[in-house]
Amino acid sequence: MQRTRRNSILSLTAITVLGLTACGSGDTSDATGPITLEFPSWQAEDPAFGAWWSEVIAEYEAQHSDVDIDFYQVPFGSYVDQLTTRFAANDQPEIVHLPARNASEFASRGWLAPLDAHLDGTDIPEAWTPLQTEMEGEGQSYGVLLLGYGYTLYYNADLLEQAGVPVPTTGEEVVAAAEAITGNGVYGFGATTQQSPDNYTELMSFITGNGGALADGSVFTVDTPEAIAGMEQYRAALAQAPAGIQTQQRNELFLNGNIAMLLDGPFFVAELDGAAESVAGSLKTGAAPFETIPGGVSNSIHLPTGLDERTEQAAWEFIELASSAEWQERYTELAAVPAPRAGSITEEALTDRPELELFQELADEAVSIYPQDAQQREEFTRLSQIVSEAAITLTTTDTPTPEVAASLQEQLVREFGSGS
């Protein structure tokens with residue numbers, strides 16, 4: 001079935017007209033008519049996650065002849081901003097897919113419906129990863145987590161061997177290997193070196209890996225020795241990375257053999273299938289090269305507030321189907337990442353992706369790179385922008401790292417308070 005994106009202006013107009021009509025006439029003729037559930041996502045065109053979503057949608061529509069799901073792509077870089085604008089204009093989609101780090105912020109604005117009444121009739125609370133608690137706030141659940149993970153080192157074994165360096169197991173070894181490899185159009189390390197939401201995750205991976213943290217509760221700690229050490233490693237590694245690139249360009253360079261190492265979540269493994277033939281056999285995975293494995297929550301699914309009862313039930317039944325044992329097992333097979341439902345890694349999935357065993361171990365060990373303080377979580381968009389700006393300062397200026405850390409600490413305290 002063809003998927004088409006609705007025009008937001010037309011949607012707003014239609015909502016207004018229908019609202020006025022309903023208020024004026026009390027017409028409830030749509031109570032049994034067809035339902036369209038709009039479902040924007042940055043994963044719609046992803047070869048792994050998009051394939052899984054498409055299969056779930058096809059199954060759901062086969063079971064619900066009166067419901068159509070309008071699933072379409074929105075670029076990740078602008079996704080949260082676009083969705084924020086739509087919610088502010090009361091033009092929210094019926095199925096809300098979010099980077100999980102932004103869920104608390106949306107919930108705090110009253111935009112996400114509590115799911116406790118729906119969850120009580122399922123085994124999700126018992127069967128799900130403990131990271132599901134990231135979806136809770138003020139004693140209520142506002143979403144279903146779709147992926148929690150630990151970071152993985154992706155590396156080109158041939159490039160490391162040619163440079164005479166071992167697979168790194170520490171941050172210092174990453175920097176040394178990257179410096180040994182860089183040259184003649186090949187870069188030792190790959191990262192996002194333009195302003196992007198990924199600046200936060202990449203910098204915080206190094207900080208967390210070195211035993212540092214963004215904050216201890218509500219008290220910011222980015223000027224501690226551990227955090228500064230992580231910033232120094234991040235800066236040194238990115239000195240061996242291509243300048244001025246976004247994440248997709250980084251990925252393409254790695255898959256073509258022009259980048260030797262990068263850090264990413266388990267979701268990147270599916271990209272290896274698209275590697276150039278000349279390098280495909282040399283692309284490997286290993287644990288993130290830190291004493292502390294950095295990790296976090298990737299994405300989650302929600303219901304918006306304000307849906308009528310029938311539409312809310314239809315949208316929830318889609319979430320429930322995606323959360324079932326059958327489709328969680330299919331998730332591990334297609335996306336090649338550990339699904340949040342316990343016991344979802346099948347023998348078939350392990351045969352196709354032996355890396356799943358490593359990914360599960362890393363997920364079990366990982367320390368989150370995201371804030372735990374309620375205010376920081378609720379205002380994550382602004383917080384991550386501030387941290388991302390510091391990351392860009394590290395990669396584009398000569399300002400000493402301790403000064404960057406002190407400035408970042410001061411700005412975070414000024415914006416969010418000093419905690420207690």
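Guide: A residue is called exposed when its relative accessible area is over 50%, buried when that value is under 20%, and partly exposed when it falls in between. Please keep in mind that the model above is predicted.

Visitor: Why is Asp273 called exposed?

Guide: Asp273 has a relative accessible area of 59%, and since the cut-off for exposed is over 50%, Asp273 belongs in the exposed class.

Visitor: What makes Arg353 and Asp273 a salt bridge?

Guide: The rule asks for a side-chain nitrogen of Lys or Arg within 4 Å of a carboxyl oxygen of Asp or Glu, and for the side chains of Arg353 and Asp273 the N to O distance is 2.5 Å, so the pair satisfies the rule. Arg353 lies in the loop between helix 14 and helix 15, while Asp273 lies in the loop between strand 11 and strand 12, so this contact ties together parts that are 80 residues apart in sequence.

Visitor: How do you know whether Arg353 is buried or exposed?

Guide: Its relative accessibility is 13%, and because buried means under 20%, Arg353 counts as buried.

Visitor: What makes Arg341 and Asp123 a salt bridge, and which parts does the pair tie together?

Guide: The closest N and O atoms of Arg341 and Asp123 are 2.8 Å apart, which is within the 4 Å that the rule allows. Arg341 sits in the loop between helix 13 and helix 14 and Asp123 in the loop between helix 5 and helix 6, so the pair joins parts that are 218 residues apart in sequence.

Visitor: Why is Asp123 called partly exposed?

Guide: The relative accessible area of Asp123 is 37%, and a value that is neither under 20% nor over 50% is named partly exposed. Arg341, by contrast, has a relative accessible area of 10% and is therefore buried.

Visitor: How many salt bridges are there by this rule?

Guide: The count comes to 13, and one of the links is a network that includes Glu38, Arg86 and Asp91.

Visitor: Where in the strands does Glu38 stand, and what makes strand 1 and strand 2 a pair?

Guide: Glu38 stands opposite Asp70 in strand 2. Two strands pair if at least two bridges are found between them, and seven bridges join strand 1 to strand 2, which run parallel. The chain passes from strand 1 through helix 2 to strand 2, and this β-α-β crossover is right-handed.

Visitor: What makes strand 2 mostly covered?

Guide: Five of the seven residues in strand 2 are buried, and each buried residue has a relative accessible area under 20%.

Notes. Residues are numbered from 1 along each chain as its sequence is written. This is a predicted model: local features need pLDDT of at least 70, side-chain atom pairs count only at pLDDT 80 or more; totals for chains, interfaces and linings use all residues. Side-chain values use heavy atoms; hydrogens and water are left out. Buried means under 20% relative accessible area, exposed over 50%, partly exposed in between (1.4 Å probe, protein chains only). Helices (H or I, at least four residues) and strands (E, at least two) are DSSP runs, numbered from the N terminus. A crossover is right-handed if, with the strands pointing away from the viewer, the path from the first strand over the helix to the second runs clockwise.
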